[in-house]
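I am opening a notebook on a structure that is new to me. I will begin with one strand residue and work outwards from there.

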Amino acid sequence: MPAAYWIAHVHVTDAEGYARYAKGATMAIEAHGGTFLARGGRYVQLEGNDRARNVLARFPDLETAVACYNSPEYQAALDHARDAAVRDLVVVEAAE
């Protein structure tokens, strides 16, 4: 099975709330075999909506990435992000 990637574009509106989300999300993602490839570093916005925080995480496969998102641990972390950020998140399967 090909790997899968979470691609998140985030505008943080509450740094403290988002920090609580990030702590819990990191644990959930790592527990599901996810690894961060990019996490809020430098970027150049070439098209579309600009969001200052961009995150790329790699998972073993699409099903594992979706299972992580739906896990109780990640959903508990996500409760902190709901009022702390405007986010777009997509899971993309890697090309073989």
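Which residue in S4 is the bridge partner of Trp6? I looked this up in what is a predicted model, and found that the partner of Trp6 in S4 is Val91.

**Entry 1: the strands**

I then followed the strand that holds Trp6, and noted that S1 and strand S4, which covers residues 85–93, pair in the antiparallel sense over nine bridges. S1 also pairs with S3, again in the antiparallel sense, and here I read seven bridges. Within that pairing I wrote down two positions: Val10 has Arg53 as its bridge partner in S3, and His9 stands opposite Asn54 in S3. Turning to strand S2, which is residues 35–39, I found that four bridges join S2 to S3 and that these two strands run antiparallel. In S3, Ala57 is the residue that stands opposite Phe36. While on Phe36 I also looked at its ring, and saw that the charged end of Arg39 sits over that ring, 3.9 Å from its centre. As a reminder to myself when reading such positions, side chains in a regular strand alternate between the two faces of the sheet.

**Entry 2: the chain as a whole**

I stepped back to place these strands, and counted three helices and four strands in the protein chain, which follow the pattern β-α-β-β-α-α-β when read along the sequence. The C-alpha trace spans about 35 × 35 × 15 Å along its principal axes. For 96 residues, a compact globule would have a radius of gyration near 12 Å, and the protein chain, with 13 Å, agrees with that. Buried residues make up 33% of the 96 residues. Of the contacts with a separation of 6 or more, 75% are between residues 24 or more positions apart.

**Entry 3: aromatic rings around Trp6**

I went back to Trp6 to look at its ring, and first noted that the structure holds six aromatic pairs. In one of them, Trp6 and Tyr69 are edge-to-face, with 6.3 Å from centre to centre and 65 degrees between the planes. Because Trp6 lies in strand S1 (residues 4–12) and Tyr69 in helix H2 (residues 62–70), this pair ties together parts that are 63 residues apart in sequence. Trp6 counts as buried, at 5% relative accessibility, whereas Tyr69 is partly exposed, with a relative accessible area of 30%.

Trp6 forms another edge-to-face pair with Tyr74, at 5.0 Å centre to centre and with 80 degrees between the planes. Tyr74 lies in helix H3 (residues 72–81) and Trp6 in S1, so this pair ties together parts that are 68 residues apart in sequence. Tyr74 counts as buried, at 0% relative accessibility. I closed this entry with the wider group, a cluster in which ring pairs link Trp6, Tyr18, Tyr21, Phe59, Tyr69 and Tyr74.

**Entry 4: the nonpolar core**

Which residues touch the most other members of the largest nonpolar core? In this core of 21 residues, I found them to be Trp6, Tyr21, Phe59 and Tyr74. The elements that give two or more residues to the core are S1, helix H1 (15–31), strand S3 (53–59), H2 and H3. H1 gives the largest share, six residues. I picked Phe59 to look at more carefully and, leaving out residues up to four places away in sequence, listed what it touches; among them are Ala3, Ala4, Trp6, Ile29, His32, Thr64, Ala65 and Cys68.

**Entry 5: two residues away from the rings**

Is Arg51 buried or exposed? Arg51 has its place in the loop between S2 and S3, and it counts as buried because its relative accessibility is 13%, and buried means under 20%. Apart from its neighbours within four places in sequence, Arg51 is in contact with His9, Val10, His11, Tyr43, Gln45, Val86, Arg87 and Asp88.

Last, I looked at Ala31, which lies in helix H1 and counts as exposed at 65% relative accessibility. I noted that the C-alpha atoms of Ala31 and Glu73 are separated by 9.5 Å, although these residues are 42 residues apart along the chain.

Conventions
Residues numbered from 1 in each chain as written. Predicted model: local features only at pLDDT ≥ 70, side-chain atom pairs only at ≥ 80, totals over all residues. Heavy atoms only, no water. Phe/Tyr/Trp six-rings, centres within 6.5 Å; stacked < 30°, edge-to-face > 60°. Buried < 20%, exposed > 50% of the residue type's maximum accessible area, 1.4 Å probe, protein only. Lys NZ or Arg CZ within 6 Å of the ring centre and 35° of its normal. Core = buried A, V, L, I, M, F, W, Y, C linked by side-chain atoms within 4.5 Å. Contact = heavy atoms within 4.5 Å. Pairing = 2+ DSSP bridges. Rg over C-alpha atoms; globule rule 2.2 N^0.38 Å.
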